Amino acid sequence: MTSLDQLKARTMACRECPIGEFATQSVIGEGKLKPKLMLVGEQPGDQEDLQGHPFVGPAGKLLTRALEDAGIQRAQVFVSNAVKHFKFELRGKRRIHKSPAVREIVACQHWLEDEIALVQPAALVALGASAARSLLGRAVPVMANRGQWLPRADGREVLVTLHPSALLRVDPEDRETAIEAFVADLRQAQRLFRR
């Protein structure tokens with residue numbers, strides 16, 4: 001793999017698990033190459049699948065806001081997902097997010113590793129359990145490990161936190177407190193930008 005364009009073409013044709021057959025397109029990461037930080041979520045959502053860009057829906061808007069509140073410009077990082085296709089179930093005409101199974105995360109893991117090799121981030125952020133599993137090669141209890149840096153086999157560190165979509169499901173009266181805790185997690189990565 002020599003370019004992100006090549007990764008996009010190969011993931012578009014991927015049928016190593018059933019998700020790719022039903023998605024509109026694959027969605028690979030975007031942002032700065034050789035960044036201090038690469039953020040990895042679970043999978044593209046409905047808007048990401050339709051537009052072909054990561055983190056452009058409601059969770060993406062929340063992520064951008066949280067990064068800025070943590071002192072990190074989104075243009076300074078690379079954002080992607082562990083799984084490159086949108087898994088959903090139809091409810092009427094609506095496509096509702098469905099979490100990828102472990103076997104689907106594992107099937108897509110080599111694409112994420114190819115992407116990390118191309119992007120060459122200094123460190124990573126796992127946004128949620130699926131991303132943490134993919135980046136660390138094992139199940140990671142997110143609530144027990146959130147805000148902590150865990151080592152990867154390649155020597156990079158992975159900061160574990162929630163996926164921003166989880167914050168959108170918090171009761172409205174508790175949402176700002178939950179977002180503040182998410183920003184506090186991201187602030188730990190801000191130290192990379194002061195070096």
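**View 1. Glu68 in helix α4, partly exposed.** This close-up of the predicted model starts with Glu68, whose relative accessibility comes out at 44%. That value makes Glu68 partly exposed because it falls between the 20% limit for buried and the 50% limit for exposed. Helix α4, which holds Glu68, covers residues 58-69. Go back 23 residues along the chain and you get to Gly45, with 22 Å between the two C-alpha atoms.

**View 2. Strand β6, covered on both faces.** Here's the strand made of residues 123-127, and five of its five residues are buried. Ala123, Val125 and Leu127 sit on one side, with Leu124 and Ala126 on the other. Strand β6 pairs with β2 (residues 37-41) in the parallel sense, over four bridges. Look for Leu37 opposite Ala123 in that pairing. Strand β8 (residues 157-161) also runs parallel to β6, again joined by four bridges. In this case Leu124 has Val158 as its bridge partner.

**View 3. Arg95, between a ring and a carboxylate.** Arg95 lies over the face of Phe88, 4.8 Å from the ring centre. Arg95 also meets Asp46 in a salt bridge, at 2.7 Å from N to O. The two come from distant parts of the chain: Asp46 belongs to helix α3 (residues 46-51) and Arg95 to strand β5 (residues 94-97), 49 residues apart. Arg95 counts as buried because its relative accessible area is 19%, whereas Asp46, at 26%, is partly exposed.

**View 4. Lys84 and Glu115, a buried salt bridge.** The N to O distance in this pair is 2.5 Å. Lys84 sits in the loop between β3 (78-81) and β4 (88-91), while Glu115 is part of helix α5 (residues 102-119), 31 residues apart in the chain. Lys84 is at 0% relative accessibility, and Glu115 is at 0% too.

**View 5. Arg152 and Glu113, part of a salt-bridge network.** The closest N and O atoms of Arg152 and Glu113 are 2.8 Å apart. Arg152 is in the loop between β7 (149-151) and β8, and Glu113 is in helix α5, with their positions 39 residues apart. Arg152 is buried at 10% relative accessibility, but Glu113, at 28%, is partly exposed. Shared partners tie Glu113, Arg152, Asp154 and Arg156 into one network of salt bridges. A search of the whole structure turns up twelve salt bridges.

**View 6. Arg191 over the ring of Trp149.** The charged end of Arg191 is 4.7 Å from the ring centre. As for aromatic pairs, the whole structure has one.

Note on methods:
Residues numbered from 1 in each chain as written. Predicted model: local features only at pLDDT ≥ 70, side-chain atom pairs only at ≥ 80, totals over all residues. Heavy atoms only, no water. Buried < 20%, exposed > 50% of the residue type's maximum accessible area, 1.4 Å probe, protein only. Pairing = 2+ DSSP bridges. Phe/Tyr/Trp six-rings, centres within 6.5 Å; stacked < 30°, edge-to-face > 60°. Lys NZ or Arg CZ within 6 Å of the ring centre and 35° of its normal. Salt bridge = Lys/Arg side-chain N within 4 Å of Asp/Glu carboxyl O.
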